[in-house]
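Grab a pencil and have a go at these exercises before you read the solutions. Each one has a task and then a step-by-step walk through it.

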Amino acid sequence: MIRLDGVGQVFEGRGGQIQALEGIDLHVQANEFVTLIGRSGCGKSTLLRLIAGLLPPTAGGIEVAGEPVTGPRRDVSFMFQRPALLPWRSVVSNVMLPVEISGGDSERSKAQYRDRAHELLELVGLNGFERRLPHELSGGMQQRVSLCRSLIRSPKVMLMDEPFSALDALTRTEMSAELQRVQMELATTIVFVTHSIEEAVVLADRVVVLTPRPGRVREIVEIEIPRPRSLGQNAHLTEVAQVSGRLHGLLSERERPVDTPEARR
Ligand SMILES: Nc1ncnc2c1ncn2[C@@H]1O[C@H](COP(=O)(O)OP(=O)(O)OP(=O)(O)O)[C@@H](O)[C@H]1O
(Lines give C-alpha, C1' and ligand atoms only; values in the text may rest on other atoms or scores of the structure.)
Protein backbone atom coordinates (compact mmCIF):
# COMPACT_ATOMS: atom_id res chain seq x y z
CA MET A 1 0.00 0.00 0.00
CA ILE A 2 2.89 2.37 0.79
CA ARG A 3 6.36 2.09 -0.76
CA LEU A 4 9.32 4.25 0.09
CA ASP A 5 12.46 3.58 -1.92
CA GLY A 6 15.70 5.34 -1.08
CA VAL A 7 13.84 8.31 0.39
CA GLY A 8 15.94 11.20 1.66
CA GLN A 9 15.12 14.70 2.80
CA VAL A 10 17.47 17.64 3.05
CA PHE A 11 16.25 20.95 4.47
CA GLU A 12 17.90 24.30 3.85
CA GLY A 13 18.37 25.63 7.37
CA ARG A 14 19.75 29.05 8.37
CA GLY A 15 23.02 27.47 9.40
CA GLY A 16 23.27 25.31 6.24
CA GLN A 17 21.76 22.09 5.03
CA ILE A 18 20.07 19.64 7.39
CA GLN A 19 19.97 16.02 6.29
CA ALA A 20 16.79 14.94 8.05
CA LEU A 21 16.28 11.52 6.41
CA GLU A 22 18.54 9.28 4.36
CA GLY A 23 18.04 6.09 2.35
CA ILE A 24 14.66 5.10 3.78
CA ASP A 25 13.34 1.87 2.26
CA LEU A 26 10.01 0.83 3.71
CA HIS A 27 7.09 -1.14 2.32
CA VAL A 28 3.85 -1.12 4.25
CA GLN A 29 1.24 -3.75 3.34
CA ALA A 30 -2.48 -3.03 3.02
CA ASN A 31 -4.22 -3.18 6.43
CA GLU A 32 -0.89 -3.17 8.22
CA PHE A 33 -0.29 -1.10 11.36
CA VAL A 34 3.22 0.32 11.43
CA THR A 35 4.57 2.50 14.22
CA LEU A 36 7.61 4.76 13.92
CA ILE A 37 9.87 5.45 16.86
CA GLY A 38 13.13 7.32 17.20
CA ARG A 39 14.75 10.15 19.08
CA SER A 40 13.39 13.67 18.89
CA GLY A 41 14.44 15.27 15.59
CA CYS A 42 15.18 11.99 13.78
CA GLY A 43 12.63 12.80 11.07
CA LYS A 44 9.47 10.93 12.07
CA SER A 45 7.09 13.81 11.32
CA THR A 46 8.99 14.58 8.13
CA LEU A 47 8.48 10.99 7.00
CA LEU A 48 4.71 11.27 7.57
CA ARG A 49 4.58 14.59 5.69
CA LEU A 50 6.40 13.00 2.77
CA ILE A 51 3.95 10.07 2.62
CA ALA A 52 1.06 12.56 2.88
CA GLY A 53 2.40 14.44 -0.14
CA LEU A 54 2.72 17.65 1.89
CA LEU A 55 6.41 17.80 1.02
CA PRO A 56 8.29 16.38 -1.98
CA PRO A 57 11.29 14.20 -1.03
CA THR A 58 14.71 15.48 -2.09
CA ALA A 59 15.75 11.89 -2.93
CA GLY A 60 14.02 8.61 -3.73
CA GLY A 61 10.42 7.80 -4.54
CA ILE A 62 7.16 7.26 -2.66
CA GLU A 63 4.08 5.38 -3.85
CA VAL A 64 0.67 5.01 -2.27
CA ALA A 65 -1.73 2.42 -3.67
CA GLY A 66 0.59 1.86 -6.62
CA GLU A 67 0.79 5.53 -7.65
CA PRO A 68 3.66 7.98 -7.16
CA VAL A 69 2.85 10.57 -4.50
CA THR A 70 2.83 14.05 -6.06
CA GLY A 71 0.63 15.89 -3.55
CA PRO A 72 -2.06 15.29 -0.92
CA ARG A 73 -4.53 12.51 -1.79
CA ARG A 74 -8.16 12.16 -0.79
CA ASP A 75 -7.65 8.61 0.36
CA VAL A 76 -4.85 9.50 2.78
CA SER A 77 -5.79 11.19 6.05
CA PHE A 78 -3.58 12.89 8.61
CA MET A 79 -4.22 13.11 12.34
CA PHE A 80 -2.20 15.42 14.59
CA GLN A 81 -1.31 15.60 18.26
CA ARG A 82 -4.04 18.20 18.93
CA PRO A 83 -7.62 17.62 17.79
CA ALA A 84 -7.83 21.10 16.10
CA LEU A 85 -11.62 21.11 16.01
CA LEU A 86 -13.48 24.23 14.90
CA PRO A 87 -14.95 25.57 18.19
CA TRP A 88 -18.14 26.97 16.66
CA ARG A 89 -19.09 23.77 14.86
CA SER A 90 -20.91 20.85 16.45
CA VAL A 91 -19.25 17.47 16.83
CA VAL A 92 -20.96 16.04 13.77
CA SER A 93 -20.18 19.06 11.59
CA ASN A 94 -16.53 18.86 12.63
CA VAL A 95 -16.50 15.23 11.49
CA MET A 96 -18.07 16.32 8.16
CA LEU A 97 -15.46 19.04 7.56
CA PRO A 98 -13.20 17.15 5.10
CA VAL A 99 -16.23 16.30 2.94
CA GLU A 100 -17.31 19.96 2.91
CA ILE A 101 -13.85 21.34 2.19
CA SER A 102 -12.70 19.14 -0.64
CA GLY A 103 -15.66 16.91 -1.34
CA GLY A 104 -16.20 13.22 -0.92
CA ASP A 105 -16.30 10.68 -3.67
CA SER A 106 -18.94 10.85 -6.35
CA GLU A 107 -20.60 7.63 -5.21
CA ARG A 108 -21.72 8.96 -1.86
CA SER A 109 -24.20 11.78 -1.27
CA LYS A 110 -23.85 14.28 1.56
CA ALA A 111 -26.68 12.50 3.39
CA GLN A 112 -24.75 9.23 3.18
CA TYR A 113 -21.66 10.93 4.62
CA ARG A 114 -23.79 12.32 7.43
CA ASP A 115 -25.03 8.81 8.20
CA ARG A 116 -21.43 7.63 8.11
CA ALA A 117 -20.43 10.40 10.54
CA HIS A 118 -23.08 9.17 12.98
CA GLU A 119 -21.91 5.56 12.59
CA LEU A 120 -18.31 6.54 13.27
CA LEU A 121 -19.27 8.58 16.34
CA GLU A 122 -21.15 5.55 17.60
CA LEU A 123 -18.12 3.34 16.90
CA VAL A 124 -15.98 5.48 19.22
CA GLY A 125 -18.68 5.77 21.90
CA LEU A 126 -19.78 9.34 21.18
CA ASN A 127 -23.41 8.72 20.30
CA GLY A 128 -25.54 11.33 22.02
CA PHE A 129 -22.81 13.97 21.66
CA GLU A 130 -23.37 14.77 17.97
CA ARG A 131 -24.83 18.25 18.58
CA ARG A 132 -22.40 19.28 21.31
CA LEU A 133 -19.67 21.87 20.78
CA PRO A 134 -16.00 20.88 21.21
CA HIS A 135 -15.55 22.84 24.48
CA GLU A 136 -18.25 20.67 26.07
CA LEU A 137 -16.07 17.57 25.57
CA SER A 138 -12.99 16.27 27.38
CA GLY A 139 -9.61 16.11 25.60
CA GLY A 140 -10.02 12.38 24.99
CA MET A 141 -13.50 12.87 23.54
CA GLN A 142 -12.23 15.66 21.29
CA GLN A 143 -9.48 13.39 20.00
CA ARG A 144 -12.12 10.73 19.27
CA VAL A 145 -13.97 13.33 17.19
CA SER A 146 -10.73 14.05 15.38
CA LEU A 147 -10.33 10.30 14.74
CA CYS A 148 -13.84 10.17 13.22
CA ARG A 149 -13.01 13.21 11.08
CA SER A 150 -9.94 11.48 9.69
CA LEU A 151 -12.05 8.37 8.94
CA ILE A 152 -15.01 10.08 7.29
CA ARG A 153 -13.80 9.63 3.72
CA SER A 154 -12.84 5.98 4.35
CA PRO A 155 -9.14 6.58 3.81
CA LYS A 156 -6.94 3.80 2.51
CA VAL A 157 -4.12 5.18 4.62
CA MET A 158 -4.13 6.99 7.95
CA LEU A 159 -1.05 8.90 9.02
CA MET A 160 -1.04 9.69 12.73
CA ASP A 161 1.50 12.02 14.35
CA GLU A 162 1.56 11.42 18.12
CA PRO A 163 -2.24 11.62 18.26
CA PHE A 164 -2.57 10.54 21.89
CA SER A 165 0.41 12.24 23.46
CA ALA A 166 -1.59 15.08 25.00
CA LEU A 167 -3.96 12.69 26.79
CA ASP A 168 -3.74 11.35 30.34
CA ALA A 169 -2.41 7.80 30.72
CA LEU A 170 -5.77 6.11 31.23
CA THR A 171 -7.46 7.87 28.29
CA ARG A 172 -4.42 7.06 26.19
CA THR A 173 -4.74 3.35 26.99
CA GLU A 174 -8.45 3.50 26.13
CA MET A 175 -7.75 5.32 22.86
CA SER A 176 -5.18 2.76 21.79
CA ALA A 177 -7.74 -0.03 22.40
CA GLU A 178 -10.27 2.02 20.45
CA LEU A 179 -7.92 2.54 17.55
CA GLN A 180 -7.09 -1.17 17.29
CA ARG A 181 -10.79 -1.94 17.22
CA VAL A 182 -11.47 0.69 14.56
CA GLN A 183 -8.57 -0.52 12.46
CA MET A 184 -9.69 -4.16 12.66
CA GLU A 185 -13.22 -3.16 11.72
CA LEU A 186 -12.37 -0.74 8.90
CA ALA A 187 -9.22 -2.46 7.58
CA THR A 188 -7.18 0.71 7.12
CA THR A 189 -3.41 0.94 6.69
CA ILE A 190 -1.90 3.02 9.49
CA VAL A 191 1.48 4.66 10.00
CA PHE A 192 1.64 6.01 13.55
CA VAL A 193 4.38 8.11 15.16
CA THR A 194 4.84 7.95 18.91
CA HIS A 195 7.38 8.72 21.62
CA SER A 196 5.97 5.96 23.78
CA ILE A 197 7.73 2.67 23.11
CA GLU A 198 5.00 0.70 24.89
CA GLU A 199 2.31 2.37 22.77
CA ALA A 200 4.33 1.55 19.65
CA VAL A 201 4.46 -2.12 20.67
CA VAL A 202 0.80 -2.40 21.70
CA LEU A 203 -0.45 -0.95 18.41
CA ALA A 204 1.93 -2.26 15.78
CA ASP A 205 2.24 -5.19 13.47
CA ARG A 206 5.76 -3.83 12.92
CA VAL A 207 7.74 -1.17 14.75
CA VAL A 208 10.20 0.82 12.64
CA VAL A 209 13.14 2.11 14.68
CA LEU A 210 14.84 5.17 13.17
CA THR A 211 18.40 6.27 13.92
CA PRO A 212 19.15 9.77 15.22
CA ARG A 213 19.64 12.42 12.53
CA PRO A 214 19.86 11.69 9.73
CA GLY A 215 16.98 9.30 10.22
CA ARG A 216 17.63 5.89 8.67
CA VAL A 217 15.85 2.62 9.33
CA ARG A 218 17.80 1.13 12.24
CA GLU A 219 15.68 -2.00 12.51
CA ILE A 220 12.15 -3.22 11.87
CA VAL A 221 10.72 -5.34 14.67
CA GLU A 222 7.75 -7.60 14.08
CA ILE A 223 5.27 -7.75 16.97
CA GLU A 224 3.60 -11.10 17.32
CA ILE A 225 1.53 -10.56 20.46
CA PRO A 226 -2.11 -11.63 19.78
CA ARG A 227 -4.71 -8.88 19.37
CA PRO A 228 -6.56 -7.11 20.84
CA ARG A 229 -3.69 -5.97 23.05
CA SER A 230 -3.87 -3.69 26.02
CA LEU A 231 -1.52 -2.25 28.58
CA GLY A 232 -4.46 -2.48 30.95
CA GLN A 233 -4.37 -6.30 30.79
CA ASN A 234 -1.81 -8.19 32.83
CA ALA A 235 -1.64 -10.92 30.21
CA HIS A 236 0.03 -8.53 27.77
CA LEU A 237 2.23 -6.60 30.18
CA THR A 238 5.11 -9.09 30.24
CA GLU A 239 5.20 -9.57 26.48
CA VAL A 240 4.99 -5.83 25.82
CA ALA A 241 7.71 -5.18 28.42
CA GLN A 242 10.03 -7.73 26.82
CA VAL A 243 9.79 -6.22 23.32
CA SER A 244 9.90 -2.68 24.72
CA GLY A 245 13.14 -3.52 26.52
CA ARG A 246 14.69 -4.60 23.25
CA LEU A 247 13.51 -1.43 21.52
CA HIS A 248 14.87 0.73 24.37
CA GLY A 249 18.21 -0.97 23.76
CA LEU A 250 18.10 -0.21 20.03
CA LEU A 251 17.21 3.43 20.63
CA SER A 252 19.97 4.02 23.15
CA GLU A 253 22.74 2.11 21.40
CA ARG A 254 24.59 5.29 20.59
CA GLU A 255 24.88 5.98 24.29
CA ARG A 256 26.50 2.75 25.32
CA PRO A 257 29.52 3.37 27.57
CA VAL A 258 32.78 3.60 25.70
CA ASP A 259 34.40 0.18 25.53
CA THR A 260 37.41 0.71 27.79
CA PRO A 261 39.14 -1.81 30.06
CA GLU A 262 37.51 0.01 33.03
CA ALA A 263 34.04 -0.32 31.54
CA ARG A 264 34.56 -3.99 30.81
CA ARG A 265 35.47 -4.78 34.39
N1 LIG B 1 10.69 22.85 7.33
C2 LIG B 1 11.87 22.58 7.88
N3 LIG B 1 12.95 23.37 7.65
C4 LIG B 1 14.16 23.10 8.18
N5 LIG B 1 14.39 22.04 8.98
C6 LIG B 1 13.38 21.22 9.25
C7 LIG B 1 12.05 21.44 8.72
N8 LIG B 1 11.23 20.45 9.17
C9 LIG B 1 11.99 19.65 9.95
N10 LIG B 1 13.27 20.11 10.00
C11 LIG B 1 14.39 19.48 10.71
O12 LIG B 1 14.44 18.12 10.30
C13 LIG B 1 14.73 17.29 11.42
C14 LIG B 1 13.63 16.27 11.60
O15 LIG B 1 12.46 16.93 12.08
P16 LIG B 1 11.12 16.14 12.44
O17 LIG B 1 10.15 17.14 12.99
O18 LIG B 1 10.70 15.33 11.29
O19 LIG B 1 11.62 15.18 13.61
P20 LIG B 1 10.78 14.28 14.63
O21 LIG B 1 11.49 12.98 14.73
O22 LIG B 1 9.35 14.25 14.22
O23 LIG B 1 10.94 15.10 15.97
P24 LIG B 1 10.04 15.08 17.32
O25 LIG B 1 10.11 13.68 17.83
O26 LIG B 1 10.72 16.05 18.21
O27 LIG B 1 8.66 15.50 16.92
C28 LIG B 1 14.92 18.21 12.62
O29 LIG B 1 16.27 18.47 12.77
C30 LIG B 1 14.17 19.46 12.21
O31 LIG B 1 14.74 20.60 12.81
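**Exercise 1. Work out how β6 and β7 pair, and which residues face each other.**

Step 1: Strand β6 (residues 76-79) runs parallel to β7, with four bridges between them. Strands here are DSSP E runs of at least two residues, helices are H or I runs of at least four, and both are numbered from the N terminus. Two strands count as paired if DSSP finds at least two bridges between them.

Step 2: For a residue pair, look at Met 79, which sits opposite Met 160 in β7.

Before going on, two notes on the model. It is a predicted one, so local features need pLDDT of at least 70 and side-chain atom pairs count only at pLDDT 80 or more, while totals for chains, interfaces and linings use all residues. Residue numbers start from 1 along each chain as its sequence is written.

**Exercise 2. Follow the chain from β7 to β8 and find the partners of β8.**

Step 1: β7, helix α6 (residues 169-186) and β8 together make a right-handed β-α-β unit. Right-handed means that, with the strands pointing away from you, the path from the first strand over the helix to the second runs clockwise.

Step 2: β7 and strand β8 (residues 189-193) are parallel too, over five bridges. Val 157 has Thr 189 as its bridge partner in β8, and Asp 161 has Val 193.

Step 3: β8 also pairs with strand β3 (residues 33-37), again in the parallel sense, over four bridges. There, Leu 36 stands opposite Val 193.

**Exercise 3. Decide whether β7 and β8 are buried or exposed.**

Step 1: Get the cut-offs straight. A residue is buried if 20 or more other C-beta atoms (placed from the backbone) lie within 10 Å of its own, exposed if 12 or fewer do, and partly exposed in between.

Step 2: In β7 (residues 157-161), five of five residues are buried. Val 157, Leu 159 and Asp 161 cover one side, Met 158 and Met 160 the other.

Step 3: β8 is largely enclosed by the rest of the structure, because five of its five residues are buried. Thr 189, Val 191 and Val 193 point one way, while Ile 190 and Phe 192 point the other.

Step 4: For the background, buried residues make up 35% of the 265 residues in the protein chain.

**Exercise 4. Put the strands of the antiparallel sheet in order.**

Step 1: Four strands form an open sheet, and the order is β2-β1-β4-β5. Its edges are β2 and β5 (67-68), each pairing on one side only.

Step 2: Zoom in on β1 and β2, which are antiparallel over nine bridges. Glu 12 stands opposite Gln 17 in β2.

**Exercise 5. Describe the shell around the ligand.**

Step 1: The shell has 13 residues, and the closest are Phe 11, Ala 20, Ser 40, Ser 45 and Thr 46. A residue is near the ligand if its C-beta atom, placed from the backbone, lies within 6 Å of it.

Step 2: β1 (2-13), β2 (16-28) and α1 (44-52) each give two or more residues. The largest share, three residues, comes from α1.

Step 3: Sort by type: four nonpolar, seven polar and two charged. Ala, Val, Leu, Ile, Met, Phe, Trp, Tyr, Cys and Pro count as nonpolar, Asp, Glu, Lys and Arg as charged, and the others, Gly among them, as polar.
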